[in-house]
Amino acid sequence: MTRVKTQDGTYTLYSARYGETYHSTFGARTEAQHVFLGGASVHQLMARKPLLRVLEVGFGTGLNFLLTAAAVRAAGTALEYAGLEQALPTYDDLKSLRYADLNALTDAAEALLAWRQEIPSIVPVGYYARELLPCCTLRLHIGDATTLKLQPGHFDAIYLDAFSPRKNPALWTPAFLTRLFEATAPGGRLATYSAAGHVRRALAQAGYRIVRRAGPPGKREVLSAARPAA
Ligand SMILES: C[S@@+](CC[C@H](N)C(=O)[O-])C[C@H]1O[C@@H](n2cnc3c(N)ncnc32)[C@H](O)[C@@H]1O
């Protein structure tokens, strides 16, 4: 895969298969922080929960995971992070992104890289779990996210970070978004960068209360979706 430098100085990957980058070219770290940690209200959730349970659809480079792990460490709480991913980038691709050089991400990024080096270059379909830091457990489900069984009401925060609905439609169908709603804990949130009308309507139809948020640089609007508390 090709490495791309984004406008906030952080790197992302370009997927030739999907014809898209893994993050916004206006700023990978900026987008991840604003759309996902901000959109899922991670800081507010951590203030009331000693253990944060996050599900990410499209784990990719792991940047959302690294930022969430850094926030959890700073708060002195714990993280259980489930990543759904069909094709994990190789060790060389991940290393090329230099996330271990980024402020506050070093330990988690090095631990993720060391783990990536231990597992096969093309990761077989299956379930892989590792306590990457004393506060943070990563559970990777390698395979097609649409076929995985998700624990009902389990996740405080869901990051929906597939490629765009046009290029990666299977992860944006009303049926899949309904499954994500069912996996969201009451009072939990789903965050995504897409503000497409059909995505917003399908999330609302699934049962979420939709909040339209200002987007990060390069994007007018993004979505946050809350599962009502009870
Ligand atoms: C936009 S990228 C994810 C970016 C990622 N969150 C990051 O921080 O690097 C979308 C990801 O979804 C994965 N993906 C696409 N279709 C999938 C599917 N059906 N099941 C699981 N993962 C899928 C791709 O392999 C890719 O890694």
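**Loops, core and buried spots**

Colleague: Where does Arg 98 lie?
Modeller: This is a predicted model, in which local features need pLDDT of at least 70, side-chain atom pairs count only at pLDDT 80 or more, and totals for chains, interfaces and linings use all residues. Residues are numbered from 1 along each chain as its sequence is written, while side-chain values use heavy atoms and leave out hydrogens and water. Helices here are DSSP runs of H or I with at least four residues, strands are E runs of at least two, and both are numbered from the N terminus. With that in hand, you'll find Arg 98 in the loop between helix H4 (91-96) and helix H5 (106-118).

Colleague: What is phi of Arg 98?
Modeller: Most residues other than glycine have a negative phi. Arg 98 isn't a glycine, yet its phi is positive, near 55°.

Colleague: Is Arg 98 buried, partly exposed or exposed?
Modeller: Buried means under 20% relative accessible area, exposed means over 50%, and partly exposed is in between (1.4 Å probe, protein chains only). Arg 98 has 44% relative accessibility, so it counts as partly exposed.

Colleague: And Ala 104, is it buried or exposed?
Modeller: Ala 104 is also in the loop between H4 and H5, and it has a positive phi of about 75° without being a glycine. Its relative accessible area is 54%, so Ala 104 is exposed.

Colleague: Let's zoom out. How many helices and strands are in the protein chain?
Modeller: The radius of gyration, taken over C-alpha atoms, is set against a globule rule of 2.2 Å times the number of residues to the power 0.38. The chain's value is 16 Å and the rule gives 17 Å for 230 residues, so the chain is as compact as a globular protein of that length. Its C-alpha trace spans about 40 × 40 × 35 Å along the principal axes. The count you're after is 7 helices and 11 strands.

Colleague: Which helix gives the most to the largest nonpolar core?
Modeller: A nonpolar core is a set of buried Ala, Val, Leu, Ile, Met, Phe, Trp, Tyr and Cys residues joined through side-chain atoms within 4.5 Å. The largest one has 80 residues, with Phe 65 and Leu 79 among those with the most contacts inside it. Giving 8 residues, the top contributor is helix H3 (residues 63-75).

Colleague: Leu 67 sits in H3. How far is Leu 67 from Ala 108 in space?
Modeller: Leu 67 has 3% relative accessibility, so it counts as buried. Contact means heavy atoms within 4.5 Å, and beyond its neighbours within four places in sequence Leu 67 touches Arg 29, Ala 32, Gln 33, Leu 37 and Leu 105. Ala 108 is 41 residues away in sequence, and the C-alpha to C-alpha distance is 9.0 Å.

Colleague: What is the relative accessible area of Gly 83?
Modeller: Gly 83 lies in strand S5 (residues 78-85). Leaving aside neighbours within four places in sequence, its contacts are Glu 56, Phe 59, Arg 139, Leu 140 and His 141. Gly 83 is buried, and its relative accessible area is 0%.

Colleague: Last one: what share of the residues of the protein chain count as buried?
Modeller: In soluble globular proteins, nonpolar side chains tend to be buried together. In this chain, the largest nonpolar core has 80 residues. Of the 230 residues in total, the share that counts as buried is 53%.
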